[in-house]
Amino acid sequence: MADETRTIMTAPAADPAPLGLAAFALTTFLLSAANANWMGSATGDAWLGYAFAYGGLGQLLAGMWEFRNRNVFGATAFSTYGGFWIGLGLWVLLVAPTAGPKAGKDLGWILLAFAIFNTYMLLWSSMVNAAVFAVFLTLEATEVVLFIGNFAANANIVKVGGYVGILTALCAWYASAAGVGNGVAGRVVLPVGQPFVKQSS
């Protein structure tokens, strides 16, 4: 029997990036608002459930769909930060209650590790568009300020990191809104800017 080659056509998947960006933005906003001391009349833990359900699972799903779309940058970014939120939530629930004064040092190491990852993703984001670059640039600043604040056990530095994190969330929400709006309208409603570095053809 002769070998047969079959071409299977699959429908294109919708762009998962707006979901991943929105999930990242909301969870980052909630935690950053707590770090900035905006939640004085609340527990400050409003972010925790969403670290699992939205920032974690939502981003992880977006990352898996980016693999389907052959977008290595989006797949790596969303899957990693989905894992970040799930891991941070587990650390808060399982480790922090017995960590005592060393908890801040733990957070410092976690944030330093993700700042290293974010550094090379920031470089590659310059090849995506200006809006995504702004997300990674502000996120880099957030992680650096927060790991310094946690290593130094300095609440004022952590508070500054909270404000920078709120800016990060706003950048991510904008990029998400642009992805949804431009996709629905079929034209540019919210500009995202050109990449700073052109990809080789």
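Guide: A residue counts as buried under 20% relative accessible area, as exposed over 50%, and as partly exposed in between. The model shown above is a predicted one, and these cut-offs are what the words for its residues rest on.

Visitor: Why is Val-95 called partly exposed?

Guide: The relative accessibility of Val-95 is 34%, and since partly exposed is the class in between 20% and 50%, Val-95 is therefore placed in that class. Val-95 lies in the loop between H4 and helix H5, the latter covering residues 96-99. When its neighbours within four places in sequence are left aside, Val-95 is in contact with Leu-90 and Asp-106. Its C-alpha atom is 21 Å from that of Ala-155, a residue 60 positions away in sequence.

Visitor: What makes Leu-90, Leu-93, Leu-94 and Val-95 a nonpolar patch?

Guide: A patch takes residues with over 30% relative accessible area and no salt bridge, and nonpolar side chains, Val and Leu among them, are joined within 5 Å. Leu-90 has a relative accessibility of 39% and Val-95 one of 34%, so both values are over the 30% that a patch requires. Together with Leu-93 and Leu-94, these two residues form a nonpolar surface patch with about 360 Å² of accessible area. Leu-90 itself belongs to helix H4, which runs over residues 72-94, and it counts as partly exposed because 39% falls in between the two cut-offs.

Visitor: Gly-87 is also found in H4; why is it called buried, partly exposed or exposed?

Guide: The relative accessible area of Gly-87 is 34%, and as this value is neither under 20% nor over 50%, Gly-87 is partly exposed. Gly-87 and Pro-191 are separated by 104 residues in sequence, and their C-alpha atoms by 33 Å in space.

Visitor: How do you know that H4 and H7 meet?

Guide: Contact means heavy atoms within 4.5 Å, and by that test Phe-73, Ala-77 and Tyr-81 in H4 meet Val-132, Phe-136, Leu-139 and Glu-143 in H7. The axes of H4 and H7, the latter being residues 130-152, come within 14 Å and cross at roughly 35°.

Visitor: What makes the crossing of H4 and H7 left-handed or right-handed?

Guide: A crossing is left-handed if the near helix is turned anticlockwise from the far one by less than a right angle. The crossing of H4 and H7 is left-handed, and its angle is roughly 35°.

Visitor: Val-145 is in helix H7 as well; why does it count as buried or partly exposed?

Guide: Val-145 has a relative accessibility of 21%, and because buried requires a value under 20%, Val-145 counts as partly exposed. Residues up to four places away not counted, Val-145 touches Ile-157, Val-160 and Gly-161. The C-alpha atoms of Val-145 and Lys-159 are 9.3 Å apart, with these positions 14 residues apart along the chain.

Visitor: What makes Ser-32 buried?

Guide: Its relative accessibility is 5%, which is under the 20% cut-off, so Ser-32 counts as buried. Ser-32 sits in helix H1, and, apart from residues up to four places away in sequence, it touches Gly-162, Gly-165 and Ile-166.

Visitor: What is to be noted about the phi of Asn-37 and of Arg-70?

Guide: Most residues other than glycine have a negative phi. Asn-37, which is not a glycine, has a positive phi of about 65°, and Arg-70, also a residue other than glycine, has a positive value near 60°. Asn-37 lies in the loop between helix H1 (17-35) and helix H2 (46-53), while Arg-70 lies in the loop between helix H3 (57-68) and H4.

Visitor: How do you know that Asn-37 and Arg-70 are exposed?

Guide: Exposed means over 50%; Asn-37 has a relative accessible area of 54% and Arg-70 a relative accessibility of 80%, so each of them counts as exposed.

Visitor: How many helices and strands does the whole chain have?

Guide: The protein chain has eight helices and zero strands. Of its 201 residues, 41% are buried, and the chain exposes about 11200 Å², 68% of which is supplied by carbon and sulfur atoms. Among contacts with a separation of 6 or more, 69% join residues 24 or more positions apart.

Conventions:
Residues numbered from 1 in each chain as written. Predicted model: local features only at pLDDT ≥ 70, side-chain atom pairs only at ≥ 80, totals over all residues. Heavy atoms only, no water. Patch = residues over 30% accessible without salt bridge, like charges linked within 9 Å, V, L, I, M, F, W, Y side chains within 5 Å. Areas by Shrake-Rupley, 256 points an atom, 1.4 Å probe, with all protein chains shown as cover. Salt bridge = Lys/Arg side-chain N within 4 Å of Asp/Glu carboxyl O. Helix = DSSP H or I, 4+ residues; strand = E, 2+ residues; numbered from the N terminus. Buried < 20%, exposed > 50% of the residue type's maximum accessible area, 1.4 Å probe, protein only. Axes fitted to C-alpha atoms, helices over the stretch in contact; angles between N-to-C directions.
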